[in-house]
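Biologist: I am new to this structure and would like a close look at one part of it. Could you take me slowly through the paired strands and what surrounds them?

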Amino acid sequence: MPEHVYQKVELTGSSSLGIQQAIENAVSKAGETIQNMRWFEVVETRGHIDNGKVAHWQVTIKVGYTLPH
């Protein structure tokens, strides 16, 4: 197995649909410019309440990717 060097970037995705969609939005957008993404970890989850109901989710993640050799 080759040895890798990883770098992490912190992102916040948002969605009115839910936590998973907020994460997928962040990963999808990052994938437009970051290559070799390998994993993510959830750092923070928060939401917006409107009229007593959850209206919007924000999820902060750290995405790890390998640097080129």
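Modeller: What follows is a walk along one strand pair and then outward to its surroundings. Please keep in mind that this is a predicted model, and that each value below is computed from it.

Strand E2, which covers residues 37–50, is joined to strand E3 by twelve bridges, and the two run antiparallel. Strand E3 itself spans residues 53–66. Two residues lie between the strands in this hairpin, where Asn51 takes a positive phi near 55°. Along the pairing, Glu44 stands opposite Thr60 in E3.

Glu44 also leads us to Arg46, a residue of strand E2, since the side chains of Glu44 and Arg46 make a polar contact at 2.6 Å. Arg46 has a relative accessible area of 31%, and because this falls between the limits of 20% and 50%, Arg46 counts as partly exposed. Although Arg46 and Gln58 are twelve residues apart in sequence, their C-alpha atoms are 5.3 Å apart in space. Setting aside residues up to four places away in sequence, Arg46 touches His56, Trp57, Gln58 and Thr60, and also Thr12.

His56 and Trp57 come up again at Ser15, which is in contact with both of them as well as with Gln21, Ala22 and Asn25, once neighbours within four places in sequence are left aside. Ser15 belongs to strand E1, residues 6–15, and is buried because its relative accessible area of 6% is under 20%. A polar atom of the Ser15 side chain lies 2.9 Å from the backbone nitrogen of Leu17.

Ala22, one of the contacts of Ser15, takes us to the largest nonpolar core, whose six residues are Ala22, Ile23, Ala26, Val59, Ile61 and Val63. Two elements, helix H1 (19–30) and strand E3, each give two or more residues to this core. Within the core, Ile23 is in contact with Val59 and Ile61, and Ile23 also meets Phe40 and Val42, again leaving aside neighbours within four places in sequence. The core residues Val59, Ile61 and Val63 carry odd numbers, whereas Thr60 is the residue that Glu44 stands opposite. As background to such a pattern, side chains in a regular strand alternate between the two faces of the sheet.

Lastly, strand E3 also holds Thr66, which is buried because its relative accessible area is 6%, under the limit of 20%. Beyond residues up to four places away in sequence, Thr66 touches His4, Val5 and Tyr6 on the one hand, and Gln35, Asn36 and Arg38 on the other.

Technical notes: Residues are numbered from 1 along each chain as its sequence is written. This is a predicted model: local features need pLDDT of at least 70, side-chain atom pairs count only at pLDDT 80 or more; totals for chains, interfaces and linings use all residues. Side-chain values use heavy atoms; hydrogens and water are left out. A nonpolar core is a set of buried Ala, Val, Leu, Ile, Met, Phe, Trp, Tyr and Cys residues joined through side-chain atoms within 4.5 Å. Buried means under 20% relative accessible area, exposed over 50%, partly exposed in between (1.4 Å probe, protein chains only). Helices (H or I, at least four residues) and strands (E, at least two) are DSSP runs, numbered from the N terminus. Contact means heavy atoms within 4.5 Å. Two strands pair if DSSP finds at least two bridges between them. A polar contact is a pair of N or O atoms within 3.5 Å; within protein, one must be able to donate a hydrogen and the other to accept it, and residues adjacent in sequence count only if both atoms are side-chain atoms.
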